[in-house]
Amino acid sequence: MFTQIVEGFSMMFTPMTILLILAGVIAGTFLGAIPGLTSTMGIALILPVTFYLDPIAGISMLIAMYKGGMFGGSISAILFNAPGTPAAAATALDGYVLKQKGYPRKTIRLALISSTTGDLVGNLVLIFTAGLLASVALRFGPTENASLVIFALVLIIVITGNSIAKNLISVLIGLLIATIGADPVTSIPRFDFGMVELSGSVSIIALVIGLLAVSEVFETMAQHYRNRNKADKSKSNISEIEMGEKSQNVDKDEDNLTWKEVTAVKRTLGRSAIIGTLIGALPGLGPVTASFVSYAQAKSKSKNGDNFGKGEKEGVVAAETANSAVGSSNLIPLLSLGIPGDATAALIFGALIIHGIIPGPQLIETNGSIVYGIFAGMLLASVFCLVINWYASNIFRKIAVIRPTVLMPVILVLCIAGTYGYSQASFDIIVMFIFGVLGFVLKKVEIPLVGVVIGFVLGPKLEESIRQVLVLSNGDLGVFFTRPISLAFLIIALFVTFGQFRKEKKLKDEKKAA
Amino acid sequence: MNNNYFKIKDSYIYGLVVLLGLLLLIIVIPMQIQSGEPRLMPYLYAAGLLIVGLYKFISFLFNKESEYLKFNKTVIKYVGLNILIYTAYIFLIQHIGFFIMSIIFIVALLRVLGEGWKITIILSVVLPASIYLLFTQILALYFPSGILF
């Protein structure tokens with residue numbers, strides 16, 4: 001193991017990889033800072049490029065982009081009360097008020113310190129637990145693997161938020177798309193509709209670029225037209241918000257973050273980092289849940305609880321630390337069990353697949369040096385994120401007012417270039433476009449896209465495991481309940497489902513009573 | 001309700017899911033997949049869609065309290081236009097070529113989105129040229145060339 005760690009770290013420290021991580025952090029921060037654009041969209045776009053890089057450089061760049069994006073989202077939340085990413089919504093609650101009080105730089109730097117702390121804690125937990133979890137999972141047979149995938153899908157369906165029925169539909173759509181192409185056991189073609197191009201399977205690049213980038217651009221277009229409609233009546237776009245609500249003038253020196261101010265929030269930093277890490281390690285939950293749970297916890301534990309929402313520094317710390325911790329710990333189930341917990345993890349799953357590396361318990365055993373190289377890249381990305389963004393806090397104002405409309409055609413052209421560049425197949429451009437439109441329609445009817453992507457990614461593993469179980473047990477499904485680990489996964493999944501149903505019913509009753 | 005909006009009942013969406021499930025179970029799977037084991041998982045997933053759709057659709061019928069999704073007609077019209085422009089771009093790229101089509105696409109989209117001529121001209125030339133050079137000169141990949149380049 002020690003040799004793998006040393007080898008991985010030395011493989012990461014090449015000028016090219018360092019440069020790509022730096023570029024990833026800058027691009028992620030840039031995309032995260034512009035409301036309407038997300039780092040997930042950027043990662044989907046960059047994904048085909050990783051094919052031409054070595055796995056450590058490519059995947060470290062994607063993760064660096066995600067880390068940059070997590071922090072970038074807080075910039076526009078603090079400066080304009082317009083969260084660049086949904087996860088930064090909790091940051092805006094106090095961050096924007098602090099900015100209004102005349103402390104934009106102090107607040108951004110506090111968010112940065114929080115983001116880095118959460119990130120580092122998440123990284124360390126990932127580094128120390130992924131190997132352990134993987135060694136346990138190595139003992140899993142097809143029955144346990146099938147139950148594990150079912151457990152992960154159940155978590156994604158019942159605890160992602162919104163409607164359970166719509167989450168289920170979204171996962172089923174993803175699973176169905178995964179069945180297009182050759183049958184994994186008999187290689188008989190399925191759903192190819194007489195097209196040779198579909199006899200393999202749907203290109204993961206075309207699917208993620210369509211679902212996560214193209215549909216996002218269509219959604220941003222819709223937002224642009226909604227704002228334009230409103231602006232005709234009430235003048236309400238970002239630059240006008242900024243000009244309309246002037247901040248108080250505070251002496252420049254007072255707008256600097258001091259060490260004393262950081263140590264004053266150390267408890268909140270620690271607690272929120274743990275909350276974010278735990279939530280991130282569970283499939284289905286994500287940075288949005290983590291930031292709001294952590295914010296609520298900090299509010300109840302803090303002696304300044306009443307000041308939350310009125311410009312409390314601890315509020316910014318709680319939200320930012322937790323959402324950034326998720327960014328690292330969501331890779332725990334991916335790298336140790338082969339289960340992506342959210343869209344970004346699914347994209348990293350795709351990047352590994354592109355390189356012929358199958359995420360799962362064998363990953364550390366067979367490609368240990370690559371995994372440790374990626375871990376080293378993650379740590380370097382955290383350091384770059386802190387250093388660059390600390391000094392760049394003065395130019396954020398300019399980044400965040402870039403109109404997303406200018407970038408929309410750029411992204412749409414890049415979507416085509418990325419999809420075609422990867423496969424050199426015109427057919428994939430059409431597939432990407434179809435998924436882009438499908439993604440936009442699903443979003444409009446409130447069916448989440450994360451479930452589709454994760455269903456697609458986990459579909460082959462689920463089918464293969466179930467078919468193996470059926471062969472080994474002569475069609476007896478009882479084996480799922482006689483093997484202890486498999487039974488444990490199914491029982492937990494059942495408990496989580498019932499718990500969530502009860503919670504939904506209670507909420508419904510309260511709504512009715514109100 | 002403002003005339004500029006149209007509403008869709010949530011129950012209709014579940015109705016569509018039921019139709020999709022039925023279509024898969026009765027027509028698509030039997031026609032597209034050889035009988036036997038390869039049909040197992042697609043049948044399970046399609047049945048899942050049918051059951052969840054049917055359950056929600058029937059419960060809406062009994063409770064008569066379906067939620068509504070609200071759409072702004074003007075927004076949908078403009079987004080639809082932008083999607084049409086993108087569709088034309090994607091289908092014409094095979095015949096006209098990446099470089100020329102990208103310029104036309106960026107000009108058309110930026111103008112529809114309300115951007116000025118200055119930024120439109122700069123972006124429409126700089127972006128396709130950079131991508132074209134990056135792919136053909138550095139990565140040695142080729143775009144569909146069509147009749148032009």
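**Notes on the predicted two-chain model**

1. Let me start with a loop. Glu446(A) sits in the loop between helix 20 and helix 21 of chain A. This is a predicted model, so read everything below with that in mind. Glu446(A) has a positive phi of about 65 degrees even though the residue is not a glycine. With a relative accessible area of 47%, Glu446(A) is partly exposed. If you go through the backbone by eye, put this residue on your list.

2. Another positive phi turns up at Asn474(A), also not a glycine, with a value near 55 degrees. Asn474(A) belongs to the loop between helix 21 and helix 22 (479-482) of chain A. Its relative accessibility is 73%, so Asn474(A) counts as exposed.

3. Now the salt bridges. By the rule used here, there are 14 of them over all chains. One group deserves your time: Asp183(A), Arg190(A), Glu463(A), Arg467(A) and Glu37(B) are linked in a network. As background, side chains of opposite charge can pair when their charged atoms come close. The next points take some of the pairs in turn.

4. Which parts of chain A does the pair Arg467(A) and Asp183(A) tie together? The two form a salt bridge, with 2.8 Å between the closest N and O atoms. Arg467(A) lies in helix 21 (residues 449-472) and Asp183(A) in the loop between strand 1 (181-182) and strand 2 (189-190), so the bridge joins parts 284 residues apart in sequence. Arg467(A) and Asp183(A) are both buried. For Arg467(A), the relative accessibility is 2%, and the cut-off for buried is under 20%, so the label follows.

5. Arg467(A) also forms a salt bridge with Glu463(A), and here too the closest N and O atoms are 2.8 Å apart. This one stays within a helix: the partners are 4 residues apart in helix 21 of chain A, so about one helical turn separates them. Glu463(A) and Arg467(A) are both buried.

6. A further bridge to Arg467(A) comes from Glu37(B), with the closest N and O atoms 2.9 Å apart. This pair crosses between chains, running from the loop between helix 1 and helix 2 (40-63) of chain B to helix 21 of chain A. How accessible are the two ends, Glu37(B) and Arg467(A)? Glu37(B) is partly exposed at 42% relative accessibility, while Arg467(A) is buried at 2%.

7. On to Glu219(A), which is found in helix 9 (residues 204-234) of chain A. Its relative accessible area is 18%; buried means under 20%, so Glu219(A) gets that label. Setting aside neighbours within four places in sequence, Glu219(A) is in contact with Arg226(A), Phe440(A), Lys443(A) and Lys444(A).

8. Ile429(A) has its place in helix 20 (residues 426-444) of chain A. Buried or exposed? Ile429(A) is buried, at a relative accessible area of 1%. Not counting residues up to four places away in sequence, Ile429(A) touches Ile416(A), Thr419(A), Tyr420(A) and, in chain B, Ile90(B). Ile209(A) is 220 residues away along the chain, and 9.8 Å separates its C-alpha atom from that of Ile429(A).

9. A geometry check on helix 6 (residues 104-137) of chain A: does the length come out as expected or not? At 1.5 Å a residue, its 34 residues should span 50 Å, and the end C-alpha atoms are 47 Å apart, which agrees. Helix 6 of chain A does have a kink of about 35 degrees, centred on Thr129(A).

10. Chain B as a whole: its secondary structure comes to 5 helices and 2 strands, in the order β-α-α-β-α-α-α from the N terminus on. Of its 149 residues, 42% are buried. Take the contacts in chain B between residues at least 6 apart in sequence, and 64% of them join residues at least 24 apart.

11. Last, the surface of chain B. The chain exposes about 8300 Å², with carbon and sulfur atoms supplying 70% of that. Leu16(B), Leu19(B), Leu22(B), Leu23(B), Ile26(B), Ile27(B) and Met31(B) make a nonpolar surface patch of about 720 Å². Taking one of these, Ile27(B) has its place in helix 1 (residues 10-32) of chain B and counts as partly exposed at 41% relative accessibility.

Notes
Residues are numbered from 1 along each chain as its sequence is written. Chains are lettered from A and ligands numbered from 1 in the order in which they are written. This is a predicted model: local features need pLDDT of at least 70, side-chain atom pairs count only at pLDDT 80 or more; totals for chains, interfaces and linings use all residues. Side-chain values use heavy atoms; hydrogens and water are left out. The expected span of a helix is 1.5 Å times one less than its number of residues. The bend at a residue is the angle between axes fitted to the seven residues ending there and the seven starting there. Buried means under 20% relative accessible area, exposed over 50%, partly exposed in between (1.4 Å probe, protein chains only). Contact means heavy atoms within 4.5 Å. Patches are made of residues with over 30% relative accessible area and no salt bridge: like charges are joined within 9 Å, nonpolar side chains (Val, Leu, Ile, Met, Phe, Trp, Tyr) within 5 Å. Accessible areas come from the Shrake-Rupley method with a 1.4 Å probe; for residues, only the protein chains shown count as cover. A salt bridge is a side-chain nitrogen of Lys or Arg within 4 Å of a carboxyl oxygen of Asp or Glu.
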